[in-house]
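Biologist: I am new to this structure and would like a close look at a single part of it, namely the strands and how they pair. Could you take me through that part slowly, and then set it beside the rest?

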Amino acid sequence: MTLAGPLRVACTSLLLVAAMASAAPPKIEKAKISLAADRSAYPPGSTARIAVVLDIEHDWHTNSNQPTFDFLIPTTAEIQAPAGWSPARLTYPAGVMRTFAFADQPLSVYEGKVVVVAELAVPPGAAAGSKATVAAKVRYQACDHSQCLAPVTKELAVELSLGPGGKSQNQELFTAGSPTTGSPGGGLPGAGGRGRGLAGILLLGFLGGLILNAMPCVLPVLSLKVFGLVHSASHGRQAVAAGALATSAGILFSFWALAGAAVAAKAAGAAVGWGVQFQNPTFVTVLLVVVTLFCLNLWGLFEIPLPSFLARASSLGGREGLAGHFSTGLFATLMATPCSAPFLGTALGFALGEPAVTVFAVFTAIALGFALPYLLLAARPALAQKLPRPGRWMDLVRGLMGFLLAASGIWLAFVLSAQVTSVRLSLIGLALLGIALFVWFRRQTAQGSAGGRLALAGALAAVALTVYLATSADGPGTQALDLGASDGRIAWTAFDRAQAESLAEEGRLVFVDVTADWCFTCKFNEKLVLNTEEVATAFSAHGVVPMKADWTNRNEEIGRFLADFGKAGIPFYVLYRPGGEPHVFSELLTKQAVIEALQGSAAARLAER
């Protein structure tokens, strides 16, 4: 049995715990929510009226309670009446029809100050002189002329005094506006439309997860998985199906763990975004330790035998075992998080602003898309028979795969260099060398001997030391953002949002690239698209101001910038244009897309003149 045993599962599980410790950008709110009662006290048997007030920021709007299209997210309020009271009845104001650049038809929206009125019957038997608390949950999605942010849910409450002698108050809130249809019980109008909208988001998440398999950060793990499947194929179709299902289970488990982290972080006032755990040096270091152990295992420096009863239980998984296939699914998810894919950002941006059930649904859709190749293999295990038969050649392939994973380790060290000082990075490197030394020494000693036990203890101590060095980091490294391409084609400047918007107002084109050292997709786009002669020439011809935003380490300004565009991960590319809304590009950038956007923006600018 290889590293597919308990230690392998423990390592990947430890990485999930480290991922949960990372937080993403705060939720952006574009409306202030408040509650107001129409009287200072209510006699038993009377009717209490509560105003739910949304004060929406200038130049922003929300969809009305009855949006134009059923897939749009309505503005809703839920009222939780006190125990023993009848359900509240809600009346919403009518929306105003507005035309936007992103829609062909006028949309029904709310702007400025919006008042939703809730009416509650005070029970005749209510005790005079007592208090009653009415809770409200308000949900809205803020949009401007070019973008929509993630939905926001606000919970608040108002305390009512029960008894005679109450005076009228806040009457201006209850006479303004023109309420439309009522919603008994504080329900959610438009829920059917929202369900259809959620179905579209789930499809986007599924497609994004499927495309994620082709991202460069996942390829080392896929090659490792193919190696395991070759072993499974020699044990028959049942072994292949069991191994593929175990890998899928590992992927689903890890995505559910990430979804749980997102829900927990939201409850604590934060959120979890895609890949932001790589901003945490502890997570990067733990992943570096796991990659090191995988490499040592592939190079044949150690094997971890399972107890006989576990070996029998995992025999359906072939030589690697079900535990190994499961942990490979975990490892694949962790290695996938620094990559983004088309559709993935949209689905995640939606999910991270939703209730827990929706978060888990979207993450499950992404996981199923990511696991689809293995699910297909489980359904058609005969496909594995097309792989080459096991033989001596596999020892060579196994060693080469170790070097492929070692390359991933070098990349992780590069990411870590921007997060810790050079001295601490050197100490972490020595600790990793210590792990390899003790593993090698244990290989040279007899199994169960005192020397073997000493080597195992030394390896564990080296692992603990490595993680400690990252946890107690004394500050980020001195590596600065490379604002110039290595060939000098594009002279990047540091990102400044206010300056970008100001330059666009003055008539300039501004291209913003949000990148990070840990983002594989970012690096590929930079190498194959941005830092090319064609794009550099287009930038120069149209007078583009190129700006880079470095998100390698946590940066609140960049986090808010991404959240304003409804994004939960990178890469992210946007073009500020004079007299027009910012143009957002796909995560997978192409030269043609960049050049066409520049040409179209330049033509529009000339037409205005």
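Modeller: In this predicted model, a good place to begin is strand E4 (residues 76-80), which is joined by five bridges to strand E9 (residues 131-140), the two running antiparallel. Within that pairing, Gln80 has Ala135 of E9 as its bridge partner. E9 also pairs with strand E11 (residues 152-161), again in the antiparallel sense, and here the pairing extends over 10 bridges. One of the bridges can be followed residue by residue, since Ala132 has Leu160 of E11 as its partner. In general, the strands of a sheet pair through backbone hydrogen bonds, either parallel or antiparallel.

Leu160 appears again when one turns to the nonpolar cores, for it belongs to a second, separate core of 38 residues that also includes Tyr42, Val52 and Val152. The largest nonpolar core has 50 residues, and those with the most contacts inside it are Val512, Val514, Phe561, Ile570 and Tyr576. Helix H6 (residues 281-298) supplies the largest share of this core, with 12 residues. If neighbours within four places in sequence are left aside, Val512 is in contact with Phe495, Met547, Phe561, Phe572, Tyr573, Val574 and Tyr576.

Met547, one of those contacts of Val512, leads to another set of strands, because it is also the bridge partner, in E15, of Thr493. Strand E15 (residues 545-550) is joined to E13 by two bridges, and these strands run parallel. Both are part of an open sheet of five strands, with mixed pairing and the order E13-E15-E14-E16-E17. At its edges lie strand E13 (493-494) and strand E17 (583-584), each of which pairs on one side only.

Two helices may be set beside these strands. Helix H12 (residues 422-444) has 23 residues, which at 1.5 Å a residue should span 33 Å, and this agrees with its end C-alpha atoms, which are 33 Å apart. The buried residues of H12 are Arg424, Ile428, Ala431, Leu432, Gly434, Ile435 and Val439. In helix H10 (residues 356-379) one finds Ala371, which counts as buried because its relative accessible area is 1%, under the cut-off of 20%. Apart from neighbours within four places in sequence, Ala371 is in contact with Ser248 and Ile251. Its C-alpha atom is separated by 8.4 Å from that of Gly329, a residue 42 residues apart from Ala371 along the chain.

Technical notes:
Residues numbered from 1 in each chain as written. Predicted model: local features only at pLDDT ≥ 70, side-chain atom pairs only at ≥ 80, totals over all residues. Heavy atoms only, no water. Core = buried A, V, L, I, M, F, W, Y, C linked by side-chain atoms within 4.5 Å. Buried < 20%, exposed > 50% of the residue type's maximum accessible area, 1.4 Å probe, protein only. Helix = DSSP H or I, 4+ residues; strand = E, 2+ residues; numbered from the N terminus. Contact = heavy atoms within 4.5 Å. Expected span 1.5 Å × (residues − 1). Pairing = 2+ DSSP bridges.
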